[in-house]
Amino acid sequence: MTESMTLRARVSAPLKSVRHALTDAAELRVWLAEFAEVDLPGRFEFWGRHTPEGDAPRQRVLHADDSALRFVWPLDGVDTTVEISVADEGPDSTIVSLTQSHYDREEQMSGSSIRGVMQTFWCLSLANLVDHLEGRALNVKADFTSAVMRDEALIDAPREQVYQSLIDSEKVSAWFGFPIGIEPWVGGRYSMGGFESGHAAKVVDLEPGSRVAVDWGGPGVTTWELADSDGKTRLTMVQSGFDEQNPPYDGWLGNVSGLAELRRYHDLADWQPIWVQTA
């Protein structure tokens, strides 16, 4: 059954700056898409290898004003509707809300339609928007033309601290924003939703302080490798062992958007999650 997908993110930036980043073509080319052209209220288009079905611009504007933008985005033969709105939370804090119609959990789980990647596509895109506006390095964008899935992040924390935040259930659940149960040994369960959820991947490689690898089955193996870097930690994340004719973009983009939050978790003394709870 289709429904609407909703995300809300907090940006430590004034509303005017956030709106500019959301509606300026040059800004969009930094945090969202390979190509973008904007001339509101009539035109808002983005496309390229970082965009699902991005071989050509497809978006059609329905509405644009100072606080909201709504457009049609055809995906896999269906006209989905995206609305992005901004609300002032204070002098230097803005809430960005995004909804997209025709979200189907089954399509997301099965990979049967490109629409199934939209939730994690927007999670990563909004995480990159936040990092861009707050002056931090961006994570890798999606590349829907490639089966190579690799990202690196420099984290301002000792390697052992970062390792613990990858393998300790309570810490991972905190920064990922979702309950995750982990048995920290080779052969142990790695359960999205907690052990009671019944959906468990398996820890297949573990070198304390240096490496963690989790086998998800069809989507392949996620490996995190850690190395010292001038008092900081360089974390490399790779997805491998999947069908390259059907890359697991949804899960990969979810992992990369999680990596953005992991960096913030360690880098910011006053860390709070990007994501604001929806009703």
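This is a short tour of a predicted model, with stops at a sheet, a hairpin, a helix and a pocket.

**Stop 1: the five-stranded sheet**

Begin with the open sheet, whose five strands follow the order β1-β7-β6-β5-β4 with antiparallel pairing. Look along the sheet from one side to the other: from one strand to the next, the twist averages 20°. Now select residues 3-11 and 60-64, which are β1 and β4, the strands at the edges. Each of these two has a single partner strand, so one side of each lacks a neighbour in the sheet.

Stay with β4 and add residues 68-75, strand β5. The two strands run antiparallel and are joined by four bridges. To find the register, select H63 and look across to β5, where R70 stands opposite. When judging which way side chains point here, keep in mind that in a regular strand they alternate between the two faces of the sheet.

**Stop 2: the β2-β3 hairpin**

Next select residues 35-39 and 43-47, strands β2 and β3. They form a hairpin, with three residues between the strands. Five bridges hold this antiparallel pair together. At one of the pairings, D39 has R43 of β3 as its bridge partner.

Then show the surroundings of β3. Is this strand largely enclosed or largely open? Of its five residues, four are buried, that is, under 20% relative accessible area, so the rest of the structure largely encloses β3.

**Stop 3: helix α7**

Move to residues 249-267, helix α7, a run of 19 residues. From the first C-alpha to the last, α7 reaches 27 Å, close to the 27 Å expected at 1.5 Å a residue. Colour α7 by accessibility: 16 of its 19 residues are buried, so this helix is largely enclosed by the rest of the structure.

**Stop 4: the second largest pocket**

Keep α7 displayed, since two or more residues lining the second largest pocket come from it, as they do from β8 (149-155) and β14 (232-240). The pocket holds about 180 Å³ of space.

Select the lining in full: R136, A137, L138, N139, E152, A153, L154, D156, K232, R234, R263 and D267. Which element gives the largest share of this lining? That is β8, with three residues.

Finally, colour the lining by residue class. Seven of the residues are charged, four are nonpolar and one is polar. Among the lining residues to inspect are R136, E152, K232 and D267.

Technical notes. Residues are numbered from 1 along each chain as its sequence is written. This is a predicted model: local features need pLDDT of at least 70, side-chain atom pairs count only at pLDDT 80 or more; totals for chains, interfaces and linings use all residues. Side-chain values use heavy atoms; hydrogens and water are left out. The expected span of a helix is 1.5 Å times one less than its number of residues. Buried means under 20% relative accessible area, exposed over 50%, partly exposed in between (1.4 Å probe, protein chains only). On a 1 Å grid over the protein atoms alone, a cavity is a set of points where a 1.4 Å probe fits but cannot get out, and a pocket is an open set with protein on both sides within 12 Å along at least five of seven lines; lining residues have an atom within 4 Å of a point. Grid points are joined across faces, edges and corners, and a volume is the space filled by probe spheres set on the points. Ala, Val, Leu, Ile, Met, Phe, Trp, Tyr, Cys and Pro count as nonpolar, Asp, Glu, Lys and Arg as charged, and the others, Gly among them, as polar. Two strands pair if DSSP finds at least two bridges between them. Axes are lines fitted to C-alpha atoms, for helices over the stretch in contact, and angles run from 0 to 180 degrees between N-to-C directions.
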